[in-house]
Amino acid sequence: MSSPLIEEGLAALRDGDAATARRAFESALAEGESGEVLEGLAKALYLEREYATSAAQYERAYAAYRRERNTTAAGRAALTASWITGNVLGDWAVQRGWLARARTILEEAGEDGPEHGWVLIIRAFTEPDPQLREALLRDAIATGRRVGDPDIEYEALSYLGGLFVMTDRAEEGLGFLDEALAAACAGELRDLATVDSIFCGFFWACELVNDVPRADQWMRAAADLMQRRNVVAAFCRAHYGGILTAAGRWNQAETELVEAARHFDLGMSARRDAAIIRLGDLRVRQGRLEEAALLLEGLDHHPDAVRAVAALHLARGDTALARELLERATEGRDDAVPTVGETTMVGPLLLLLVDVHLEEGNVDDAASVAERLDHLAGAQQGPYLKAAAALAKGRVCVASGKGDARACLHDALEGFTRAQLPMELARTRLELARALSERSPEVAIAEAKAALEGFQRLEAARHADAAAAMLRSLGAPIRTGTKGSGALTRREAEVLQLIGAGLSNPEIGDRLYITRKTVEHHVGNVLAKLGLRNRAEAAAYSTRQKISP
């Protein structure tokens with residue numbers, strides 16, 4: 001029978017009170033070491049996001065359970081140690097060792113109990129063939145249901161959902177993830193790592209296929225669980241930040257991505273890279289190209305960075321570099337049957353490659369890539385890729401003067417509206433303005449104004465400038481919004497706030513992930529706009545005005 005301290009710790013874990021749970025289990029540990037106490041302490045540390053320490057306690061729990069001859073618990077502890085060391089800390093060799101140990105231990109229990117379900121999941125982790133992996137996961141789901149273990153059932157179901165997303169069955173796969181999230185929100189799952197794994201898989205999948213509406217709905221439905229239980233691991237915040245970027249909630253995205261990067265500043269470069277790449281992508285969208293270049297430096301060959309780095313090259317006019325990078329990442333015959341994962345992984349890069357070809361004046365090459373993108377979009381049910389294909393076709397029609405650009409671009413507008421992607425929506429409106437500029441100048445002006453307003457809301461400066469230039473070419477007046485010459489940009493307000501907090505320029509640069517030169521530029525603008533003589537006056541002004549970004 002568990003001691004009162006253990007019961008107190010378990011109750012605190014159920015409530016998401018990590019601090020109380022940690023104190024209870026540390027006190028219980030002082031009275032005597034056991035697998036249950038060590039595992040409870042490991043869970044509390046995990047909730048407090050002390051991942052390396054949590055992994056160490058899971059390893060101790062594994063050893064204690066082995067001494068106690070509790071095979072199931074030992075295997076579970078080894079499996080969770082594997083999850084943390086690999087998926088959180090990025091130590092893949094250590095992960096494989098613990099995964100193999102978990103499989104060996106759990107196989108000792110035979111095929112009649114829940115242990116077999118975990119063995120099937122572990123085997124699926126390392127199975128390269130998608131069909132065999134699917135069969136293993138379906139067997140694990142059936143085992144979880146047979147033995148009444150929802151952690152097995154829904155862990156396997158979430159991995160099956162991820163597999164389907166990667167093999168171009170995104171809608172069915174996301175449906176599996178929906179079901180797994182419903183079970184997590186209903187409190188059916190016991191293991192914290194399982195809940196975290198399901199949330200992370202869901203955010204990853206939604207980011208990959210640009211399913212903002214689905215992510216929005218679940219973020220609202222699971223808000224209490226996410227806050228109360230602190231279930232979303234720090235590294236998952238990178239995917240969450242990517243979704244927020246796509247949704248146009250750039251302030252929130254920046255908060256999530258900067259916090260994720262800071263968490264992994266010390267020695268966890270793989271996890272830090274995931275956040276830095278997405279922060280770089282955000283900076284490109286904002287038109288802050290110098291900051292984007294600083295963030296993306298050295299990541300040219302990272303597979304997740306291809307789109308952001310290519311977009312940066314294109315924005316800076318380095319079209320040859322962008323084209324070479326995108327063509328290497330999208331190699332394949334235009335008329336080939338899509339390979340496994342091609343729609344999900346390659347499709348978004350093709351839209352950018354169309355932009356590159358058009359920027360270089362290679363309309364025929366752009367048309368060929370647009371045709372390939374349209375072919376891939378037919379394999380996906382969601383609105384994003386179909387809208388991307390329609391935008392690509394519309395841009396080619398505008399450039400070539402052939403085809404029905406207006407119809408294509410209206411299809412793109414409808415798709416991006418359904419997908420809730422404001423940046424892509426504004427881009428499409430600007431392209432529609434170009435398409436209508438000669439035939440229907442009044443409608444073109446309306447579309448260009450809508451595009452400008454969209455870019456201004458997002459604070460996408462470079463794209464706003466392009467929309468303003470289009471309006472000028474149409475002879476339309478341009479409203480610059482509420483900002484005057486003395487108004488601070490959001491970034492300048494952030495810098496002023498940090499000056500008020502007493503940070504030096506290098507410290508501000510580290511905090512905001514920008515160069516010292518960029519900080520100096522912002523400080524100079526702040527002083528000029530506010531009529532201040534020096535940093536001391538700026539700090540005093542910040543304190544008086546309670547400046548916030």
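**Notes on a helical model: cysteines, rings and overall build**

1. Let's start with a cysteine: Cys 185 counts as partly exposed because its relative accessibility is 32% (buried is under 20% relative accessible area, exposed over 50%, partly exposed in between, with a 1.4 Å probe and protein chains only). Keep in mind that this is a predicted model, where local features need pLDDT of at least 70, side-chain atom pairs count only at pLDDT 80 or more, and totals for chains, interfaces and linings use all residues. Residues are numbered from 1 along each chain as its sequence is written, and side-chain values use heavy atoms, with hydrogens and water left out.

2. Does that cysteine have a partner, and how many disulfides are there in the whole structure? The search comes back with zero (a disulfide being a pair of cysteine sulfur atoms within 2.5 Å). For Cys 185, the closest cysteine sulfur belongs to Cys 206 and sits 13 Å away, so it is too far for a bond. Cys 397 has its closest cysteine sulfur in Cys 408, at 4.6 Å, and that is also too far for a bond. With 14% relative accessibility, Cys 397 counts as buried.

3. On to the rings. The structure has eight aromatic pairs (rings of Phe, Tyr and Trp, the last by its six-membered ring, with centres within 6.5 Å; planes under 30 degrees apart are stacked, over 60 edge-to-face, the rest tilted). One of them joins Phe 199 and Phe 203, a tilted pair with 6.3 Å between the centres and 50 degrees between the planes. Both residues belong to helix α11, residues 192–209, and they are four residues apart, about one turn of the helix. Phe 199 and Phe 203 are both buried. Ring pairs also tie Phe 199, Phe 202, Phe 203 and Tyr 240 into a cluster.

4. Another ring has a charge for company: Arg 169 lies over the face of Phe 164, 3.7 Å from the ring centre (the test asks for NZ of Lys or CZ of Arg within 6 Å of the centre and within 35 degrees of the ring normal).

5. Now zoom out. The protein has 30 helices and zero strands (DSSP runs numbered from the N terminus: H or I of at least four residues for helices, E of at least two for strands). Its C-alpha trace spans about 80 × 65 × 35 Å along the principal axes. Of the 549 residues, 55% are buried.
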